[in-house]
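Me: Got a minute to go through this one with me? I'll throw questions at you as they come.

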Amino acid sequence: MKKALPSLGRWLVNLFLVLALLLAAAVWLPEAFHMRAYVVKSSSMEPAIRVGSIIYLRPYREDEPVCPGDIVSFPAGGAMVTHRIVSVNQEEKTAVTKGDANKVCDPETLPLSAIEGKVEFHLPLVGYLLLRK
């Protein structure tokens, strides 16, 4: 029994180190691929993207169109907002956005130039480890 306790302690320390390394990789590795990571703090995109998820944004490529259905992030009111594109006006270079959980579209049209990036993928729940109260 005495031998099992040090072995268990070593195992727990190793597990903690692996989890810390994975968390660090989830946050910093995307920068190597020109992506940005953000923690979702609002339920406006549920059920597609839940609170506590980490989203990974990548900028639109030069020849890539902004299309209805794309999930994008943009600054608004001092925060980063992530909503789905509902429609695009190519002449005015604007888009109408809406959170999936919201009943109505966002009140103001979004200039396409204000889009920070398109959500490439997300990791559910991992953001809870990074949220600070």
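**Surface and fold**

Reply: About 9300 Å² of the protein chain is exposed, with carbon and sulfur atoms supplying 63% of it (Shrake-Rupley method, 1.4 Å probe). This is a predicted model, where local features need pLDDT of at least 70, side-chain atom pairs count only at pLDDT 80 or more, and totals for chains, interfaces and linings use all residues. Residues are numbered from 1 along each chain as its sequence is written, and side-chain values use heavy atoms, with hydrogens and water left out.

Me: How many helices and strands does the protein chain have?

Reply: One helix and seven strands, in the order α-β-β-β-β-β-β-β along the sequence. Those are DSSP runs: helices are H or I with at least four residues, strands E with at least two, numbered from the N terminus.

Me: Switching to Ser73: buried or exposed?

Reply: Ser73 is buried, at a relative accessible area of 0%. Buried means under 20%, exposed over 50%, partly exposed in between (1.4 Å probe, protein chains only). Ser73 belongs to strand β3, residues 71–76.

Me: And which residues does Ser73 touch?

Reply: Leaving out residues up to four places away in sequence, the list includes Ile55, Leu57, Met80 and Thr82. Contact here means heavy atoms within 4.5 Å.

Me: What about Leu15, where is that found?

Reply: Leu15 is in helix α1, residues 4–28, and counts as partly exposed at 37% relative accessibility.
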